[in-house]
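Student: I would like a close look at a single part of this model. Please keep the answer in one piece and work outward from that part.

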Amino acid sequence: MASSVLLVVFRPWPTGGGLLRNCWRLLQGKLQQSWPSAPSPPWGPALAVQGPGILTELANDPSVSKESPSLLDSVLWMAAPKNRRSIEVNRCRRRNPQKLIKIKNNIDICPECGHLKQKHVLCGNCYEKVRKETAEIRRQIREQEGGPLKAPTVETVVLYAGETPSEQDGGKRIIERDRKRQSWFTQN
């Protein structure tokens, strides 16, 4: 579909005061400086409107549909409610018993540290201890090996004070810790 542009040029404003007129005069001067060889038309504000083209060739062409384009064709239509929901209906929907916080009956005391935890779930306090111990072991490995890219491709065994390597630990990297093994840090 071809489109046409309608350009309406207004007569230049008369000289005088006003912020808009001064800005227009400055713009006109800048445009004349940028194109000094071009003839200077009478400058004035312009209005450009783009719309469907009305050409005689298109009117006689049978392949083009005869429907004229509508402004509503470009609108994205979305679903809208037919009636307003009342406050009572909204509150009933929001406070539905399925959406409320459920009471937990599976809370137990951690046998290691005494903090509350869910049954069959690792205690958060104990997990924090394990995370700190693991970070300390990794720091010691990094110091021993001299960097992350120099680590050998063998299994690592952590030995605490008073522990000796077994015959299965032959050929493995051994990290020795100078403290007693915690009860929650199991030996592999």
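Leaving aside its neighbours within four places in sequence, which residues is Glu145 in contact with?

Tutor: The model is a predicted one. Setting aside residues within four places in sequence, Glu145 is in contact with Lys150, Ala151, Pro152 and Arg173. Glu145 lies in helix 4. With a relative accessible area of 19%, Glu145 counts as buried, because the cut-off for that label is under 20%. One of its contacts is polar: the side chains of Glu145 and Arg173 are joined at 3.5 Å.

The partner comes next. Arg173 belongs to strand 6 and is buried as well, at a relative accessible area of 13%. Not counting residues up to four places away in sequence, Arg173 touches Ile141, Glu145, Ala151, Pro152, Val154, Glu155, Thr156 and Val157. Ala151 and Pro152 thus appear both in this list and among the contacts of Glu145. The side chain of Arg173 also makes a polar contact of 2.8 Å with the side chain of Thr156. Between the C-alpha atoms of Arg173 and Val158 there are 8.6 Å in space, for a separation of 15 residues in sequence.

Now the helix that carries Glu145. Helix 4 covers residues 124-145, and at 1.5 Å a residue its 22 residues should span 32 Å; the C-alpha atoms at its ends are 31 Å apart, which agrees. The buried residues in helix 4 are Cys126, Glu133, Ile137, Gln140, Ile141 and Glu145. Viewed down the helix axis, these buried residues fall within an arc of 125 degrees, so they line one face of helix 4. Gly124, Lys132, Arg138 and Glu143, on the other side of the helix, are exposed. The buried residues of helix 4 pack against strand 5 (156-159) and strand 6 (173-176). Just after the helix, Gly146 has a positive phi of about 90 degrees.

Ahead of helix 4, the loop between strand 4 (116-118) and the helix contains His120. Phi of His120 is also positive, near 65 degrees, in a residue other than glycine. Its relative accessible area is 82%, so His120 is exposed.

Two residues from the buried face of helix 4, Ile137 and Ile141, also belong to the largest nonpolar core. That core has 7 residues in all, and the others are Val158, Tyr160, Ile175, Trp184 and Phe185. Val158 is in contact with Ile137, Glu163, Ile175, Arg177 and Arg181, leaving aside its neighbours within four places in sequence. Ile137 and Ile175 are therefore contacts of Val158 as well as core members under the rule that joins buried nonpolar residues through side-chain atoms within 4.5 Å.

A point further back along the chain can be set beside this region. Asn105 is found in the loop between helix 3 (87-94) and strand 3 (107-109). Asn105 counts as exposed, at 70% relative accessibility. Its C-alpha atom and that of Gln118 are separated by 8.9 Å, with their positions 13 residues apart along the chain.

For the wider setting, the protein chain has 4 helices and 6 strands, in the order β-α-β-α-α-β-β-α-β-β along the sequence. Of its 188 residues, 13% are buried. Among contacts between residues at least 6 apart in sequence, 42% join residues at least 24 apart. The accessible surface of the chain comes to about 16,500 Å², and carbon and sulfur atoms account for 58% of this.

Methods: Residues are numbered from 1 along each chain as its sequence is written. This is a predicted model: local features need pLDDT of at least 70, side-chain atom pairs count only at pLDDT 80 or more; totals for chains, interfaces and linings use all residues. Side-chain values use heavy atoms; hydrogens and water are left out. Buried means under 20% relative accessible area, exposed over 50%, partly exposed in between (1.4 Å probe, protein chains only). Contact means heavy atoms within 4.5 Å. Accessible areas come from the Shrake-Rupley method with a 1.4 Å probe; for residues, only the protein chains shown count as cover. The expected span of a helix is 1.5 Å times one less than its number of residues. The arc is that of the directions from the helix axis to the C-beta atoms. A polar contact is a pair of N or O atoms within 3.5 Å; within protein, one must be able to donate a hydrogen and the other to accept it, and residues adjacent in sequence count only if both atoms are side-chain atoms.
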